[in-house]
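Trainee: Please give me a close look at a single part of this model. I would like the aromatic contacts, with enough of the surroundings to place them.

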Amino acid sequence: MLSEYGVLDVWTYLAGVIVIVLLPGPNSLFVLAIGAGRGVRAGYQAAFGVFVGDSILMTLTAAGAASVLRLLPMLFIALKAAGAVYLTYLGIRLLLSAWRPGPAQTHTVSGGPGSPFRKALLLSLLNPKAILFLLSFFVQFVDPSYAHPALSFLILAALLQVCSLLYLSSLIFGGSRLAGAFRRRQGLARAGSGLVGALFLWFAGRMAFES
């Protein structure tokens, strides 16, 4: 059916998308933390930030940004460094909130006040490796003989975004259920902050040191 629009082997593509979406990463972890710390509405604000950021990266991928990053390795390194710094900043804030004594911390796991949308958008955009990955993944399912490859990329991107939205929704509602437990048990809330902060620092290290 989608082969008419230059999309090859859509079921294999969907299987790959499901695996990709389910892999833990900073974006999904942040949405889960926001859902647990601030509730469903804020969780969807964070998810929308991820959605917009991923859409921008997919558009840049289709427009050839991956080739630019390959031709300008210093730009790629600079973007990676910026992403690692931002993840480190979020991780340290979460670790500090985990050790900060005091009464109820309703925003502990979500990393304090601020716009969930802006934080998630910035987190999503500061990942130049995503552009290279999306290009290398998408091109395997685009018919090179199709006259409008941009349409093929659009269809593949839409399928990926639908799967991502469904998964993030499950994280948001699961996180909101955790919120009650966090309110009742401050030790659990601080432990959650520490765990998420440590994972963000681990992601930052991977981004900074992987080739």
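Mentor: Start with the vocabulary: helices (H or I, at least four residues) and strands (E, at least two) are DSSP runs, numbered from the N terminus. The model is predicted, so local features need pLDDT of at least 70 and side-chain atom pairs count only at pLDDT 80 or more, while totals for chains, interfaces and linings use all residues. Residues are numbered from 1 along each chain as its sequence is written, and side-chain values use heavy atoms, with hydrogens and water left out.

First, the frame. The protein has 9 helices and 0 strands. Its pattern along the sequence is α-α-α-α-α-α-α-α-α. Take contacts (heavy atoms within 4.5 Å) between residues at least 6 apart in sequence: 83% of them join residues at least 24 apart.

Now the rings. Phe, Tyr and Trp (its six-membered ring) pair when their ring centres lie within 6.5 Å; planes under 30 degrees apart are stacked, over 60 edge-to-face, the rest tilted. Searching the whole structure gives 4 aromatic pairs. One of them joins Tyr44 and Phe173, edge-to-face, with 6.1 Å centre to centre and 75° between the planes. Tyr44 belongs to helix H3 (residues 40-63) and Phe173 to helix H8 (residues 149-184), so this pair ties together parts 129 residues apart in sequence.

How covered are these two? Use relative accessible area: buried is under 20%, exposed over 50%, partly exposed in between (1.4 Å probe, protein chains only). Tyr44 is partly exposed at 30%. Phe173 is also partly exposed, at 44%.

Next, the pair formed by Phe48 and Phe51. This one is stacked, at 6.4 Å centre to centre and 15° between the planes. Both residues sit in H3, and they are 3 residues apart, so about one helical turn separates them. Phe48 is partly exposed, with a relative accessible area of 47%. Phe51 is partly exposed too, at 34%. Add Phe117, and Phe48, Phe51 and Phe117 form one aromatic cluster.

Now step back along the chain from H3. Gly39, just after H2, takes a positive phi of about 100°. Helix H2 covers residues 26-38, which is 13 residues. From first C-alpha to last, H2 reaches 18 Å, close to the 18 Å expected at 1.5 Å a residue; the expected span is 1.5 Å times one less than the number of residues. H2 is mostly covered, with 10 of its 13 residues buried. Among them are Leu29, Phe30, Val31 and Ile34. Asn27 and Ser28 are buried as well. Small residues also appear there, including Gly35, Ala36 and Gly37.

For the whole protein, 46% of the 211 residues count as buried. The accessible surface (Shrake-Rupley method, 1.4 Å probe; for residues, only the protein chains shown count as cover) comes to about 11,100 Å². Carbon and sulfur atoms hold 72% of that surface.

One last stop, at the N-terminal side. Glu4 lies in the segment before helix H1 (10-22). Glu4 is exposed, at 59% relative accessibility. Its C-alpha is 8.6 Å from the C-alpha of Tyr146, and the two residues are 142 apart along the chain.
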